[in-house]
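Student: I should like to examine how the descriptive terms for a protein model are justified. May we go through them one by one?

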Amino acid sequence: ALCEAGEDSDVVDESLRRSLDYLVIELPRLRRDDLETMYNVWGHAYSIQALLRLRDRLDLSPEMLTTVDGLIESQIHMLDRTQSIMGGWGYYTWGRRVSSRPSVYPTSFTSATAMVALHDAHAAGYEVPPRMVKSGMAGLAKARLPDFAYGYYIMPIPTPQSGLDSPAGSLGRSQVCNLATYLWGDPRMELPIIAAWLDRLVAREGWLSIARKQQEPHKSYFAISGYFYYYAFYYATLCVDLLDEADRDYYRDHVAAILLPRQEKDGSWWDYATYQYHQQYGTALAVMALNRCLPTDAP
């Protein structure tokens with residue numbers, strides 16, 4: 001977020017250099033928490049995108065460029081290692097048997113997040129194994145329902161729709177899943193479908209917002225969790241960028257009108273109190289979304 005929206009100043013660049021130094025030290029240590037918890041997949045995906053932006057933003061030495069390239073390649077490798085045998089990525093094993101490749105039931109939105117990051121790396125010229133892409137796309141296809149809602153989990157055999165897997169329950173997931181499948185060339189994903197789900201998001205934001213700041217996940221309508229709120233709008237603005245230029249301002253104006261009043265008095269945004277970093281991720285997602293809503297002639 002600081003790379004994309006931070007002003008052009010020595011103060012911002014120094015902060016970004018400290019961030020890069022931190023990633024250089026910590027990313028090689030990033031592993032699964034325990035046998036049942038694989039939150040590291042989120043770190044592998046988002047670190048790829050952060051490193052790509054840092055690489056573009058900062059004037060790096062040849063030695064640091066080599067280091068950054070190696071880190072990006074290592075995080076692609078880690079996503080390869082953590083991809084489920086069922087295609088896609090998940091973050092809980094739920095006590096399933098430990099194997100060299102995780103046998104976790106992957107989730108659609110985690111898988112789509114990883115696939116978007118891998119597409120960014122691929123577009124920047126880094127090698128992404130085709131088999132990993134093929135498996136990830138197959139997983140998202142399994143999760144996709146005929147109305148382009150996406151099940152929470154990628155299951156070998158789809159289950160009947162529950163509240164969580166209904167179109168309403170999928171509203172926070174469909175934006176990123178639609179984006180991932182479009183970027184990787186799924187012939188079924190077309191721009192009118194993306195626009196239809198953007199329409200649903202801006203029209204039904206009110207009840208989606210009811211989940212914000214609830215103390216427990218999946219306790220709101222359609223089992224929505226608060227942490228889908230700013231996540232949904234960030235990926236929605238990426239979807240908007242795919243539309244014809246004449247159609248973009250309509251959605252950007254709606255997103256800005258929705259997100260600006262949600263800003264807290266301290267300047268942050270947050271939707272779910274997650275492990276004490278809720279203000280950081282909420283603010284980052286909101287800033288990146290709003291940055292894409294600025295008029296093209298804005299300073």
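Tutor: The discussion below sets computed values against the definitions behind the terms. This is a predicted model, in which local features need pLDDT of at least 70, side-chain atom pairs count only at pLDDT 80 or more, and totals for chains, interfaces and linings use all residues. Residues are numbered from 1 along each chain as its sequence is written, and side-chain values use heavy atoms, with hydrogens and water left out.

Student: Why are α7 and α8 called roughly antiparallel?

Tutor: Helix α7 covers residues 171-183 and helix α8 residues 191-203, and they pack at an angle of about 160° with axes 10 Å apart. Axes are lines fitted to C-alpha atoms, for helices over the stretch in contact, and angles run from 0 to 180 degrees between N-to-C directions. Angles over 145 degrees count as roughly antiparallel, under 35 as roughly parallel, 65 to 115 as roughly perpendicular and the rest as oblique. The pair α7 and α8 is therefore roughly antiparallel.

Student: Which residues of α7 and α8 meet, and what is their class?

Tutor: With contact meaning heavy atoms within 4.5 Å, Leu171, Ser174, Gln175, Asn178 and Tyr182 of α7 meet Leu191, Ile193, Ile194, Trp197, Leu198, Arg200 and Leu201 of α8. By class, this contact has eight nonpolar, three polar and one charged residues.

Student: What makes α7 largely enclosed by the rest of the structure?

Tutor: Buried means under 20% relative accessible area, exposed over 50%, and partly exposed in between (1.4 Å probe, protein chains only). Eleven of the 13 residues of α7 are buried, so α7 is largely enclosed. Among them are Arg173, Val176 and Cys177. The buried residues of α7 pack against α5, α6 (130-143), α8, α9 and α10.

Student: How do you know that the length of α7 agrees with the expected span?

Tutor: The expected span of a helix is 1.5 Å times one less than its number of residues. For the 13 residues of α7 this gives 18 Å, and the end C-alpha atoms are 19 Å apart, which agrees. Just after α7, Gly185 takes a positive phi of about 85°.

Student: How do α5 and α10 fare by the expected span and by burial?

Tutor: Helix α5, with 16 residues, reaches 22 Å from its first C-alpha to its last, close to the 22 Å expected. Helix α10, with twelve residues, reaches 17 Å, close to the 16 Å expected. Of the 16 residues of α5, 13 are buried; in α10, twelve of twelve are buried.

Student: Why is Thr110 counted as buried?

Tutor: Thr110 has 3% relative accessibility and therefore counts as buried. Thr110 lies in helix α5 (residues 108-123). Not counting residues up to four places away in sequence, Thr110 touches Val41, Trp42, Trp89 and Tyr91.

Student: Why is Phe222 called partly exposed, whereas Tyr275 is called exposed?

Tutor: The relative accessible area of Phe222 is 39%, so Phe222 is partly exposed. For Tyr275 the value is 55%, so Tyr275 is exposed. Phe222 is in the loop between α9 (205-209) and α10 (229-240), and Tyr275 is in the loop between α11 (245-259) and α12 (278-291).

Student: What is the sign of phi in Phe222 and in Tyr275?

Tutor: Most residues other than glycine have a negative phi. Phi is positive in Phe222, near 55°, and positive in Tyr275, near 50°.

Notes
Helix = DSSP H or I, 4+ residues; strand = E, 2+ residues; numbered from the N terminus. Nonpolar A, V, L, I, M, F, W, Y, C, P; charged D, E, K, R; others polar.
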